[in-house]
Amino acid sequence: MKFSSQGGVGSKVWQGAENLKMLKRVVDIFGGCILLLGCAPILGLITLLIKLEGNGPIFFKQVRVGKGFRHFSRFKFRTEVHGKGQKADQSEPGGLNHFTRVGRVLRQLKLDELPQFFNVLKGEMSLVGPRPEDPYYVEKFRNEYQEILTVRPGLMDLAFLISPDNMTILEKPRVKLRVPEAQYLEETIPEKIRLGKLYIEHASFAFDLALIAQTMLKLFGFRTVLLKVRPSQRSEEIEDTAVFKMLYRYRRILVMVLDVGLIVLANYLAFWLRFDGLIPAKEIQLFIDMLPWLIVIRGTAFMLFRLNEGLWRYVSIWDLKKILVGVLSGTVVFYGLLAWVIGFAGYPRSVFIIDSILLIGFLVGIRLAVRLFRERKVLSRMKRVLIIGAGDAGAKVVGEMQAYPSCSYAPIGFVDDDSSKLGKRIHGVKVLGTRHDLADLLPTLNPEEILVALPGVEPAIVREITTILSPFKLPIKTLPRLEDILEGKVSINQIRPLAIEDLLQRPPVDLNPQPVQHLIKGKRVLVTGAGGSIGSELCRQIVGFSPKALILYERHENSLYTIGSELTDHGYSLPIHLVLGDITDLERLHETLEEYRPDIIFHAAAHKHVPLMEMNSGEALKNNVLGTRWVAEAAIRFGVGHFVLISTDKAVNPSSVMGATKRAAELVVQALAQQSSTCLLTVRFGNVLGSNGSVVPRFQNQIRAGGPVTVTHPDVRRYFMSIPEAVGLVLQAATLGEQGAIYLLEMGEQIKLVDLARNLIGLSGHIPEKEIAIEFVGLRPGEKLEEELVGIEENTTPSSLDKILKVGSKTFADKSILLKVQEMADTYNPNDHDAVIKNLQHLIPTFTPREMWGQNGSTDGLSLRIESTCRSQV
């Protein structure tokens, strides 16, 4: 549905913050009136002294820039000799000032600024705020003043407390100064801007009070520090200053005094209301005579119910109940005293009721006001956030936003697809429409961030949302898991940017860790390819299941050192052995298995880069086929209990050398399984996000470089899962333990890489194909438009674990496969590409390599094409 009054809705949603600003304005008006009345004698005396000292006007005005870049005239007492310094004084930084004797005193005591109370009453200034500046300098630093001028400039500010007065600078001999204009632009203005932003960051009711008190102390020459301000200081840190420590130290006495005052006020107002504002003299005397008894009784009741002990910042329903009982019990005792002890029947009965109601209101109101002021910043810069999802997670996060003073988010509305919630309010925040209304809502609401509060939702919906939001260039955030939020394991501080994992086509799979724990605990586990993306994640997850020892087998020293150091730094107590070795080095392989005697082997070592394997087919065959055979045979020889091969969807109906060699590895494992007591099985899955050489890091690097993002083909699609999920599947499959089986994950639908590229560009804050271009460079050697998880002669059946399928085949690999592999190992020439391809086709009949060779079998054209297309990683 569409909204015809979206602007009105947005303003209503924002009403909470506006009410707080209005409260500051009320304080400005009342404070300005009281100070003007109190300072009236001083104003009159200053006016007289200025007039007696010489001719000229009493006041002068300066044009300054206020809230929203609106100009206004600021009034001050004249402090300079008329006709000599007026012009310089109006621009403050320009030239030497010629102060009168009275003017010098006024400047030192800041009394020349008293007429600015009229600016406060007119709404052009506030009692406390950033320093107002001349339009000339504001225009020069307009971008820096954008944030500062979201509030009214102040009569009192941090600049007075921290920076030296401009008069002190300009009174120094000219010969010792640089050009004042240059100094003002290079030093003074940047400092004013810094202090203005510092005020915006920390502005609150308590902060304003502390700043006013500190200003008064400085004016009268006291050095006591009540206010300490540091960048990134939270508002709670103000409570660590001297004034708040003093108030906290004597808070119980202050609370008792305040309660007594409220008791007197409530009782007097009760009489005033009872007699319509005209209290007879007789009742006035009655009020005075009975007041001491009332104070003693109510004070005793308050002490018995401990109303003066609680911390008001945490006031709750429990405190309100105590106030209600304390007041009513005091009223009953006071009535009993008058009726049965003193025997006085002339006390108006309605006063008992009115007095109780007023006192309860006063006690509750002042406590709630303290909590409100602590939990809500009056002027702090809040980020307007639109929340997508009005369910439990959205409600929880909005409640936290409103409860915590350190939170910088201001919720302006919900968007939810549940039509029954439209127009309703959750914690005072309105549900404005569905996700299909986003394009119409955003221009009117002007949010600064989008929060996707949809934990557990289909990632396809999240992708649709990011597509809708991409033209608006808004930061998109999301939440941790719903279960963690509702159980209190996470807080609002853990809102995080939307990640590519959130855009997967299928929800993540939660797998039961107990079977894995039973399999691995107390066992020696070896991981080949331990430094790779999958291998290293295997190591990270395995150590969490308390193995007896973990052996990391890897041929790249840097990768081995990195994962080894990571595991060691986490302080795991189990032995972690780092073995530098190659799976095709039989001697090193056998030495390792003989020394460590692993119970389980996870075989992750493989060559996986499709275009590179087309250029190096001999190495692919040696490492992926022969290496797998040698590791599996070594596992059998040394009595390993479980051997798990990690395979890929590219092994299904392969069109690449890499895919063909991985399919051959699957067949080798199946064949060996028929003649071994070692449990040998295979796990097959699609692409993993963020693995070495995968498409996502490539896209991200291209986006950081400003584009273009290169995609092979508009229609190319791939299966995707996260690395932790892939490893979780591997570990779960190992627990199934069916000899020779191939397992795979239910992976949902394939994702178009061009859509993935667009989403990544949008998540990076750019508009796809406008700010970051997308180029199509053509399929690379060995690639297909779509991958497959099941071959022509294969089928799938559910396994005993949810989301894991077992792959069946009409034909099962037998000993003949091993003979063919052995024949290949004896005769193949790694440098004879054509011979390697023929051997793989002989071994894998479904292997149909793409026709990409030059005439007469030349590979020159292939080399050139691979070199030009390797910049796109799919």
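A residue is counted as buried when its relative accessible area is under 20%. By this criterion, in the predicted model considered here, 4 of the 5 residues of strand 8 (residues 429-433) are buried, and strand 8 is therefore largely enclosed by the rest of the structure.

Strand 8 pairs with strands 6 and 7. With strand 6 (residues 409-415), the arrangement is parallel and comprises 2 bridges; within this pairing, Val-415 lies opposite Gly-433 of strand 8. With strand 7 (residues 425-426), strand 8 likewise forms 2 bridges, but here the sense is antiparallel. In that antiparallel pairing, Ile-426 has Val-429 of strand 8 as its bridge partner. Strands 7 and 8 make up a hairpin with 2 residues between the strands, and His-427 in this hairpin adopts a positive phi near 55 degrees.

Confidence in the prediction was also examined. The protein has a mean pLDDT of 78, with 78% of its residues reaching 70 or more. Among the elements of the protein, the highest mean pLDDT, 96, belongs to strand 12 (residues 524-528), whereas the lowest, 34, belongs to helix 34 (residues 860-869). Residues 230-241 have pLDDT below 50, and this stretch nevertheless has 29 contacts in the model beyond near neighbours in sequence. For residues 376-380, the pLDDT is also below 50, and 24 contacts beyond near neighbours in sequence are present in the model.

Methods: Residues are numbered from 1 along each chain as its sequence is written. This is a predicted model: local features need pLDDT of at least 70, side-chain atom pairs count only at pLDDT 80 or more; totals for chains, interfaces and linings use all residues. Side-chain values use heavy atoms; hydrogens and water are left out. Buried means under 20% relative accessible area, exposed over 50%, partly exposed in between (1.4 Å probe, protein chains only). Two strands pair if DSSP finds at least two bridges between them. pLDDT is the predictor's confidence in each residue, from 0 to 100. Contact means heavy atoms within 4.5 Å.
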